Amino acid sequence: MTRLQSIAFGCATLATVAAVLLGGSIGFVGLVVPHLLRLSGIHRHGALLPLSACLGEACSLSRIRLARTVAAPAELRSAFSPR
């Protein structure tokens with residue numbers, strides 16, 4: 001790997017981190033799920049879009065379920081809920 005490639009990968013990584021920080025976990029799921037589906041062999045856009053929506057929702061729901069299970073005695077609050 002050349003030095004220019006390393007710098008380009010570093011910049012792309014920082015841009016992705018910034019996008020996830022601003023967009024939250026929903027943005028991260030939106031970035032990762034279509035790539036996972038393409039890696040699994042789905043390349044047609046007619047199938048990729050609805051499957052991305054379904055798998056993205058399943059990932060978000062499982063993330064929420066896991067967070068509530070781990071913090072079971074405590075109540076989780078949203079950033080937008082009144083204090």
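Helices and strands here are DSSP runs, numbered from the N terminus. With that in hand, color your predicted model by secondary structure and walk along the chain: the elements run α-α-α from the N terminus on. That gives three helices and zero strands in the protein.

**Stop one: the whole chain**

Switch the coloring to pLDDT. The mean for the protein is 85, and 89% of its residues reach 70 or more. Where pLDDT is low, the predicted coordinates should not be read in detail. Next, try coloring by relative accessible area: of the 83 residues, 11% count as buried.

**Stop two: helix H1 and helix H2**

Select residues 3-23, which form helix H1, the element with the highest mean pLDDT, at 90. Then add residues 25-39, helix H2, where the mean pLDDT is the lowest among the elements, at 85.

Keep both on screen and look at how they pack. The axes of H1 and H2 lie 6 Å apart, and the angle between the helices is about 135°. That angle makes H1 oblique to H2, because oblique takes in angles that are not under 35 degrees, over 145 or from 65 to 115.

**Stop three: the contact**

Which residues of H1 meet H2? Show side chains for Thr16, Val20 and Gly23 on the H1 side. Across from them, in H2, pick Ser25, Ile26, Gly27, Phe28 and Leu31. Sorted by class, this contact has four nonpolar residues, four polar ones and no charged ones.

**Stop four: two cysteines**

Now select Cys11 and Cys54. Are these two buried or exposed? Cys11 is partly exposed, at 47% relative accessible area, while Cys54 counts as exposed, at 53%. The cut-off for exposed is over 50%, so the two cysteines fall on either side of it. If you go looking for disulfides, the structure holds zero.

Notes: Residues numbered from 1 in each chain as written. Predicted model: local features only at pLDDT ≥ 70, side-chain atom pairs only at ≥ 80, totals over all residues. Heavy atoms only, no water. pLDDT = per-residue confidence, 0-100. Helix = DSSP H or I, 4+ residues; strand = E, 2+ residues; numbered from the N terminus. Axes fitted to C-alpha atoms, helices over the stretch in contact; angles between N-to-C directions. Contact = heavy atoms within 4.5 Å. Nonpolar A, V, L, I, M, F, W, Y, C, P; charged D, E, K, R; others polar. Disulfide = S-S within 2.5 Å. Buried < 20%, exposed > 50% of the residue type's maximum accessible area, 1.4 Å probe, protein only.
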